[in-house]
Amino acid sequence: MISAKMMGVVDENAEALGVPRKQLMESSGNAVARTVRDVADEGASVVLVCGRGNNG
């Protein structure tokens, strides 16, 4: 598990290497969507509860 503080450092490092935070968030969202499609039945209702971010 990565702490919120450490995830913030990872985000900062990625940004310093030229990966915008927006791209990180979009990639994370796409990964969650792919996983939900893989595990949820077609037509099922899905609820995601998300915080502000930097929570690993």
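1. A salt bridge is taken here as a side-chain nitrogen of Lys or Arg within 4 Å of a carboxyl oxygen of Asp or Glu. The structure holds one such contact: arginine 21 pairs with glutamate 15, and their closest N and O atoms are 3.0 Å apart. Side chains of opposite charge can pair when their charged atoms come close.

2. The model is predicted: local features need pLDDT of at least 70 and side-chain atom pairs pLDDT 80 or more, whereas totals for chains, interfaces and linings use all residues. Residues are numbered from 1 along each chain as its sequence is written, and side-chain values use heavy atoms, leaving out hydrogens and water.

3. Both partners of the salt bridge are partly exposed (relative accessible area between 20%, under which a residue is buried, and 50%, over which it is exposed; 1.4 Å probe, protein chains only). Arginine 21 has 30% relative accessibility, and glutamate 15 has 41%.

4. The secondary structure comprises two helices and zero strands (DSSP runs: H or I of at least four residues for helices, E of at least two for strands).

5. The radius of gyration, taken over C-alpha atoms, is 14 Å, while a compact globule of 56 residues would have one near 10 Å (rule: 2.2 Å times the number of residues to the power 0.38). The C-alpha trace spans about 40 × 20 × 15 Å along its principal axes.

6. Buried residues account for 7% of the 56 residues in the protein.
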